[in-house]
Amino acid sequence: MRLILLQDVPRLGKKGSVVEVAEGYARNYLLPRGLAEPATPGKIKEIERLLTARARREQRAEEEARALAARLKDHTLHLPVRVGEGGKLFGSVGTRDIAAALKKEGLEVDRKQLQLEEPIKTVGRFRVQAKLHPGIQASFWVEVTGHGG
């Protein structure tokens, strides 16, 4: 019996895939639990349309991530912050601050994509890694400069 999976089913397939299963398995397990539905020609066309739309969206997201990675590569972000004596910062610079500063420069990076080993607490130049998409990452510099306050 041909079915379209409505959810991921272990050892059978992912959501949206068309599978061939025994009638008993379909009638007694998959259909009553709402894990699958009969594969009618109309439903198969709809699934194919949804899958191609998802693939296009995914490809567009990957292309945007590659373009952003190219712009970020070896970019230097200058962050002026208030410092006390000895170059110590009041507070620290974290991913939220870096994402906000990048946004001001026209680079949209979510703070969850930025990787800092620990918040920056001193003046200096630091390497920051951005994981923009699976398999696409870029590193750039953050230069923290101080001004009195």
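These are my notebook entries on a predicted model.

**Entry 1: the small sheet**

I began with the sheet near the start of the numbering. I found 3 strands in an open sheet, ordered β2-β1-β3, with antiparallel pairing. The edge strands are β2 (18-20) and β3 (36-38), and each of them pairs on one side only. On average, neighbouring strands of this sheet are turned by 40° against each other, direction ignored.

I then looked at one pair within the sheet. Strand β1 covers residues 2-5 and is joined to β3 by 3 bridges in the antiparallel sense. I picked L5 and looked up its bridge partner in β3, which is A36. As a reminder to myself, strands of a sheet pair through backbone hydrogen bonds.

**Entry 2: helix α2**

Next I followed helix α2, residues 41-72. This helix lies across β1, β2 and β3 and runs at about 35° to β1.

How far apart are the end C-alpha atoms of α2? I worked out the expected span before looking. At 1.5 Å a residue, the 32 residues should span 46 Å. The rule multiplies 1.5 Å by one less than the number of residues. The end C-alpha atoms are 46 Å apart, so the model agrees with the expected span.

I listed the buried residues of α2: I44, I47, A65, L68, A69 and L72. They pack against β1, β2, α3, β8 (124-133) and β9 (136-147). I noted the spacing rule for helices here: an α-helix has 3.6 residues a turn, so residues three or four places apart point the same way.

I also checked R60, which is found in α2. Its relative accessible area is 46%, so R60 is partly exposed. Its C-alpha atom is 22 Å from that of K15, and the two residues are 45 apart in sequence.

**Entry 3: the largest pocket**

I looked up the largest pocket and wrote down about 180 Å³ for its space. Its lining is made of 13 residues, and K15, G16, I47, L50 and R54 lie nearest the centre. The elements that give two or more residues to this lining are β1 and α2. Which element gives the largest share of the lining? That is α2, with 7 residues. I47 had already come up in my list of buried residues of α2.

**Entry 4: two positive phi angles**

I searched for unusual backbone angles. Most residues other than glycine have a negative phi. R11 has a positive phi near 60° and is not a glycine. R11 sits in the loop between β1 and β2. Is R11 buried or exposed? With 88% relative accessibility, R11 counts as exposed, because the cut-off for exposed is over 50%.

D74 also has a positive phi, about 60°, and is not a glycine either. This residue follows α2, in the loop that leads from α2 to β4 (76-82). Its relative accessible area is 44%, so D74 is partly exposed.

**Entry 5: strands β4, β8 and β9**

I moved on to the later strands. β4 and β9 run parallel and are joined by 7 bridges. L77 has V142 in β9 as its bridge partner.

β8 and β9 pair in the antiparallel sense, over 9 bridges. Within this pair, Q129 has S139 in β9 as its bridge partner. The two strands form a hairpin with 2 residues between them, and G135 there takes a positive phi near 85°.

I then picked F126, which is found in strand β8. At 24% relative accessible area, F126 is partly exposed. Leaving aside neighbours within four places in sequence, F126 is in contact with I120, F140, W141, V142 and V144. V142 is also the partner I wrote down for L77. From F126 to L116 the C-alpha distance is 9.3 Å, and these residues are 10 apart in sequence.

**Entry 6: T95**

My last look-up was T95, in helix α3 (residues 95-104). Why does T95 count as buried? Its relative accessible area is 18%, and buried means under 20%. Beyond its neighbours within four places in sequence, T95 is in contact with R111, L114 and L116. L116 had come up in the previous entry, in the distance from F126.

Conventions
Residues are numbered from 1 along each chain as its sequence is written. This is a predicted model: local features need pLDDT of at least 70, side-chain atom pairs count only at pLDDT 80 or more; totals for chains, interfaces and linings use all residues. Side-chain values use heavy atoms; hydrogens and water are left out. Helices (H or I, at least four residues) and strands (E, at least two) are DSSP runs, numbered from the N terminus. Buried means under 20% relative accessible area, exposed over 50%, partly exposed in between (1.4 Å probe, protein chains only). Contact means heavy atoms within 4.5 Å. Two strands pair if DSSP finds at least two bridges between them. Axes are lines fitted to C-alpha atoms, for helices over the stretch in contact, and angles run from 0 to 180 degrees between N-to-C directions. On a 1 Å grid over the protein atoms alone, a cavity is a set of points where a 1.4 Å probe fits but cannot get out, and a pocket is an open set with protein on both sides within 12 Å along at least five of seven lines; lining residues have an atom within 4 Å of a point. Grid points are joined across faces, edges and corners, and a volume is the space filled by probe spheres set on the points.
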